[in-house]
Amino acid sequence: MAPSGSRSDDCWRVLYWVPVLFISLIVAWSYYAYVVQLCIETIENMGEKIVYLLVYHILFIMFVWSYWQTIFTKPMNPLKEFHLSHSDKELLDREDRRESQQEILRRIAKDLPIYTRTMSGAIRYCERCLLLKPDRCHHCSACDMCILKMDHHCPWVNNCVGFANYKFFMLFLAYSLLYCLFVTATDLLYFIQFWTNGLPDTQAKFHIMFLFFAASTFSVSLAFLFAYHCWLVCKNRSTLEAFRAPEFQHGPDKNGFSLGTSKNFRQVFGDEKKYWLLPVFSSLGDGCSFPTCLVNPDPEQPSLPPGCNPSIKSAEESHQFPPKPLRESQSRLLNNGQSEGSEDRDKQGTSNPALTIEKET
Ligand SMILES: [Zn+2]
Ligand SMILES: [Zn+2]
């Protein structure tokens with residue numbers, strides 16, 4: 001990881017917490033407005049009061065727990081083998097020519113499970129963190145480090161959303177949406193009473209009114225965001241990959257990491273159903289390598305995916321990046337899932353008969 005910044009950088013970093021503080025204050029106020037002003041002060045029916053408070057507190061705890069996990073789960077560092085050794089770094093520094101530097105990087109990358117490149121076909125290397133970027137890893141300038149399976153940097157959690165906390169982020173969206181929908185639905189009757197002068201003339205009625213506006217507004221925006229991320233999970237894409245397809249040896253392929261909906265879901269949420277709804281880490285893999293469709297470039301094949309240029313992606317290059325053994329959880333994801341993944345790719349119309357999925361031997 002890169003060295004930490006100066007004192008002025010630290011001052012700026014304090015400001016990064018303002019959106020988190022803003023959300024926390026709104027949540028704290030919503031708790032007061034719902035529990036004290038609506039349930040305790042306004043609702044008279046004891047049964048209704050107890051049921052509302054019970055369901056509310058379950059949703060509140062799950063929402064705060066997943067929000068907390070999304071904020072405070074530190075991004076994982078890429079495995080040691082992706083970092084440049086001291087001697088490799090010296091070797092790289094001595095070379096001025098980009099081609100020679102790429103040659104050195106290619107030699108180091110030879111034994112690593114790296115399948116993606118830059119748009120120009122070069123090895124993805126982070127000069128700041130001095131590491132060969134694992135597939136789906138990107139450098140975040142706000143966090144000043146390389147983030148495994150980076151999705152996006154989220155100011156609302158002052159953290160990068162990536163491999164380490166993507167499941168927490170999904171649960172945070174889900175529980176915050178449920179929380180807002182529940183508050184909107186149970187507050188609706190009293191919101192109507194506010195406009196029909198059915199509420200006693202206390203300060204509670206203003207809390208009830210603003211609570212409805214806030215919860216319904218957040219519900220709409222959260223619903224869109226949650227639906228979008230559900231789609232991304234099903235397609236096994238990060239937000240960054242949805243905007244720019246990862247570059248493989250055969251060219252850009254937005255479905256390059258897709259194994260089919262079920263396995264894509266389990267890559268994020270894990271195999272054990274009992275953990276799916278809990279904000280505890282259960283994602284599969286190590287974040288550094290992902291099961292993917294490995295390519296046997298064959299110049300005889302007539303059709304190639306868009307963006308593929310056989311003259312650039314030479315056979316020699318592919319020889320330097322042989323299929324690497326996959327780790328256990330990833331092999332498990334690929335096993336029996338290849339046909340499912342292929343179906344998904346066929347449906348997308350991006351599947352190419354020239355591409356073959358290599359089985360692990
Ligand atoms: Zn970096
Ligand atoms: Zn970041």
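**Figure 1. Arg136 sits in the loop between strand 2 (131–132) and strand 3 (138–140).** Welcome to a predicted model; like every view below, this one shows computed atoms rather than an experiment's result. Look at the backbone of Arg136: its phi angle is positive, at about 70°, although Arg136 is not a glycine. Is Arg136 buried or exposed? Its relative accessible area is 3%, and buried means under 20%, so Arg136 counts as buried.

**Figure 2. Four residues hold the zinc ion (ligand 1).** Which residues coordinate the zinc ion (ligand 1)? They are Cys126, Cys129 and Cys146, each through its SG atom, together with His139 through ND1. The distances from these donor atoms to the metal run from 2.0 to 2.3 Å. Try tracing the angles among the four donor atoms: they span 103 to 124°, and the site is tetrahedral. Along the sequence, the donor residues of the zinc ion (ligand 1) follow the spacing C-x2-C-x9-H-x6-C. You can read that pattern as a cysteine, two residues, a cysteine, nine residues, a histidine, six residues and a final cysteine.

**Figure 3. The donors of the zinc ion (ligand 1) include both buried and partly exposed residues.** Start with Cys126, which has a relative accessible area of 5% and is therefore buried. Cys146 is buried too, with a relative accessibility of 2%. His139 has a relative accessible area of 25%, so His139 is partly exposed.

**Figure 4. The zinc ion (ligand 2) has a tetrahedral site.** The angles among the four donor atoms of this zinc ion lie at 102 to 118°. Cys140, Cys143 and Cys160 each offer an SG atom, and His153 offers ND1, with distances to the metal of 2.1 to 2.2 Å. In sequence, the donor residues of the zinc ion (ligand 2) are spaced C-x2-C-x9-H-x6-C. Cys140 belongs to strand 3 and His153 to strand 5 (residues 152–154), so this pair ties together parts that are 13 residues apart in sequence. How accessible are these two residues? Cys140 is buried, at 4% relative accessibility, whereas His153 is partly exposed, at 25%.

**Figure 5. The cysteines are shown here with disulfides in mind.** A disulfide is a covalent bond between the sulfur atoms of two cysteines. How many disulfides does the count come to? The count is zero.

**Figure 6. The largest cavity encloses about 80 Å³ of space.** Rolling a probe the size of a water molecule over the atoms shows where empty space is left. The structure holds five cavities of 30 Å³ or more, and this view opens up the largest one. Its lining includes Lys149, Asp151, Gly162 and Tyr166. Also among the lining residues are Leu232, Val233, Asn236, Arg237 and Ser238. Asn264, Gln267 and Val268 line the cavity as well. Which helix gives the largest share of the lining? It is helix 9, with three residues. Helix 7 (204–235) and helix 9 (261–269) each supply at least two lining residues. Sorted by class, the lining has four nonpolar, five polar and three charged residues.

**Figure 7. Asn236 lies in the loop between helix 7 and helix 8 (239–243).** You may recognise Asn236 as one of the residues lining the largest cavity. Its phi angle is positive, at about 55°, although Asn236 is not a glycine. With a relative accessibility of 4%, Asn236 counts as buried.

**Figure 8. Tyr175 and Phe63 are 112 residues apart along the chain, yet their C-alpha atoms are separated by 4.9 Å.** Follow the chain and you will find Tyr175 in helix 6 (residues 166–195). Is Tyr175 buried or exposed? Its relative accessibility is 10%, so Tyr175 counts as buried.

**Figure 9. Ile50 is found in helix 3 (residues 46–72).** Ile50 has a relative accessible area of 52%, and exposed means over 50%, so Ile50 is exposed. This view also shows Ile40, which is 10 residues from Ile50 in sequence. From C-alpha to C-alpha, Ile50 and Ile40 are 9.7 Å apart in space.

Notes
Residues numbered from 1 in each chain as written. Chains lettered and ligands numbered in written order. Predicted model: local features only at pLDDT ≥ 70, side-chain atom pairs only at ≥ 80, totals over all residues. Heavy atoms only, no water. Donors = N, O, S within 2.8 Å, 3.2 Å for Na, K, Ca; no water. Tetrahedral: all angles 85-135°; square planar, octahedral: opposite > 155°, others 65-115°. Buried < 20%, exposed > 50% of the residue type's maximum accessible area, 1.4 Å probe, protein only. 1 Å grid on protein atoms, 1.4 Å probe; cavity = no way out; pocket = protein on both sides within 12 Å on 5 of 7 lines; lining within 4 Å. Points joined across faces, edges and corners; volume = space filled by probe spheres on them. Helix = DSSP H or I, 4+ residues; strand = E, 2+ residues; numbered from the N terminus. Nonpolar A, V, L, I, M, F, W, Y, C, P; charged D, E, K, R; others polar. Disulfide = S-S within 2.5 Å.
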